[in-house]
Amino acid sequence: MTQASVLTQPRTTPLEPTELPESFRGILPATNHAALPPMADHWKQLDLREILSRPAAFISIGQSNSVYRPGGVQYGEGHAFRGNLDATVRSATAARAAGDFDFTWVGYSLFRSQYPQTDFDRVQYASWTDEIGATQEQIDWDNTLVEELQAIREPGDKELFETALQSWFVGTDLPGTLARKRIEVLVFTGVHVDWCIEGNVRAARDNGLLPIVIGDACGAQRPEQEAATFDRINRFFAPVISSDLFVDLVRR
């Protein structure tokens, strides 16, 4: 194959698959452990090991090629170098080994031209991706669950895409699925913690469920946004724990 033919082959990524410069990668924290708050006193009254032994679902949100692979629309946020994918793999592997977790892989697509839209949605969604001019093949690639998590996925796991702005409690069948399976506990990983994670955690509490956030398996758009989000979630809505603690709690 000649160099000319390589250059004319269609690109399968929405953006040019260019690695982030070392100068940027060097300032990214390898983990956000320092942003995780101490567990709120009221959560300390709970036996989290017992709670995690109840019917539970492991829910990954938005952990796609878009976030972790060069050429992805969200790759520039640097999550590939911030440790949340490794923490998710470690946590999901432990949950799978425990043998009694339901698994759901929730996609969050930035390409939303075919979604039902209000006027607010229309202008907001257009600002995210309209200038990219991506083909359907490129969109499909961007939306694909990242390979490291595909290796953990099994037949029978549920996969879906959010269609509301920041919640799968609206417009999907997942709430009904959880109710029919009598799932009580939801364990969250993914991006973004100050958007889909927090939105779904709040909705989970309003729907009588018990959410738990694995903080180092999550990320905000920018690292400096994470500490305040974790603090807010931890004080009001759900325990925020580390992947190390989660792995210990589900070890049978």
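Select cysteine 196 to start: its sulfur is 11 Å from the closest cysteine sulfur, in cysteine 218, which is too far for a bond. A disulfide is a pair of cysteine sulfur atoms within 2.5 Å. The structure holds zero disulfides. Cysteine 218 is in none, with the sulfur of cysteine 196 as its nearest cysteine sulfur.

Two notes before moving on. This is a predicted model, so local features need pLDDT of at least 70 and side-chain atom pairs count only at pLDDT 80 or more, while totals for chains, interfaces and linings use all residues. Residues are numbered from 1 along each chain as its sequence is written, and side-chain values use heavy atoms, leaving out hydrogens and water.

Are the two cysteines buried or exposed? Buried means under 20% relative accessible area, exposed means over 50%, and partly exposed lies in between (1.4 Å probe, protein chains only). Cysteine 196 has a relative accessible area of 2%, so it is buried. Cysteine 218 has 1%, so it is buried too.

**Stop 1: helix α10**

Select residues 193-206. This is helix α10. Helices (H or I, at least four residues) and strands (E, at least two) are DSSP runs, numbered from the N terminus. The expected span of a helix is 1.5 Å times one less than its number of residues. For the 14 residues of α10 that gives 20 Å, and the end C-alpha atoms are 18 Å apart, which agrees.

Now colour the buried residues of α10. Among them are Val193, Cys196, Ile197, Gly199 and Val201. What covers the buried residues of this helix? The cover includes strands β1 (56-61), β4 (185-191) and β5 (210-219), and helix α11 (226-236). Step past the end of α10 to glycine 208, whose phi is positive, near 80°.

**Stop 2: salt bridges**

Side chains of opposite charge can pair when their charged atoms come close. A salt bridge is a side-chain nitrogen of Lys or Arg within 4 Å of a carboxyl oxygen of Asp or Glu. The structure holds 21 of them.

Stay in α10 and select arginine 202 and glutamate 198. They form a salt bridge, with the closest N and O atoms 2.9 Å apart. The two are four residues apart in the helix, so about one helical turn separates them. Arginine 202 is partly exposed at 35% relative accessibility. Glutamate 198 is buried at 6%. Salt bridges that share partners also join Arg49, Asp248 and Arg251 into one network.

Next, select aspartate 216 and arginine 90. Their side chains meet in a salt bridge (3.8 Å, N to O). Which parts of the chain does this pair link? Distant ones: aspartate 216 is in strand β5, arginine 90 is in helix α5 (residues 84-98), and they are 126 residues apart. Aspartate 216 is buried, with 1% relative accessibility. Arginine 90 is partly exposed, at 36%.

Then try aspartate 41 and lysine 44. Their salt bridge is 3.5 Å, N to O. Aspartate 41 is exposed at 57%. Lysine 44 is exposed at 54%.

**Stop 3: arginine 112**

Go to the loop between β2 (101-107) and α6 (119-129), where arginine 112 lies. Arginine 112 is buried yet has no salt bridge. Where is the nearest side chain of opposite charge? That is glutamate 162, 4.8 Å away. Lys and Arg count as positive here and Asp and Glu as negative, while His and the chain ends are not counted.

Show the contacts (heavy atoms within 4.5 Å). Beyond four places in sequence, arginine 112 touches residues including Gln117, Tyr125, Trp128 and Leu165.

**Stop 4: histidine 79**

Move to the loop between α4 (65-68) and α5, and select histidine 79. This histidine is buried, at 1% relative accessible area. A polar contact is a pair of N or O atoms within 3.5 Å; within protein, one must be able to donate a hydrogen and the other to accept it, and residues adjacent in sequence count only if both atoms are side-chain atoms. The side chain of histidine 79 has such a contact with that of glutamate 77, at 2.9 Å. Another, at 3.0 Å, joins the side chains of histidine 79 and asparagine 84.

**Stop 5: leucine 249**

Finish in helix α12 (residues 243-250), at leucine 249. This leucine is buried, at 8%. Now select leucine 48. The two are 201 residues apart along the chain, but their C-alpha atoms are separated by 7.2 Å. Leaving out residues up to four places away in sequence, leucine 249 touches Leu48, Arg49, Leu52 and Ile241.
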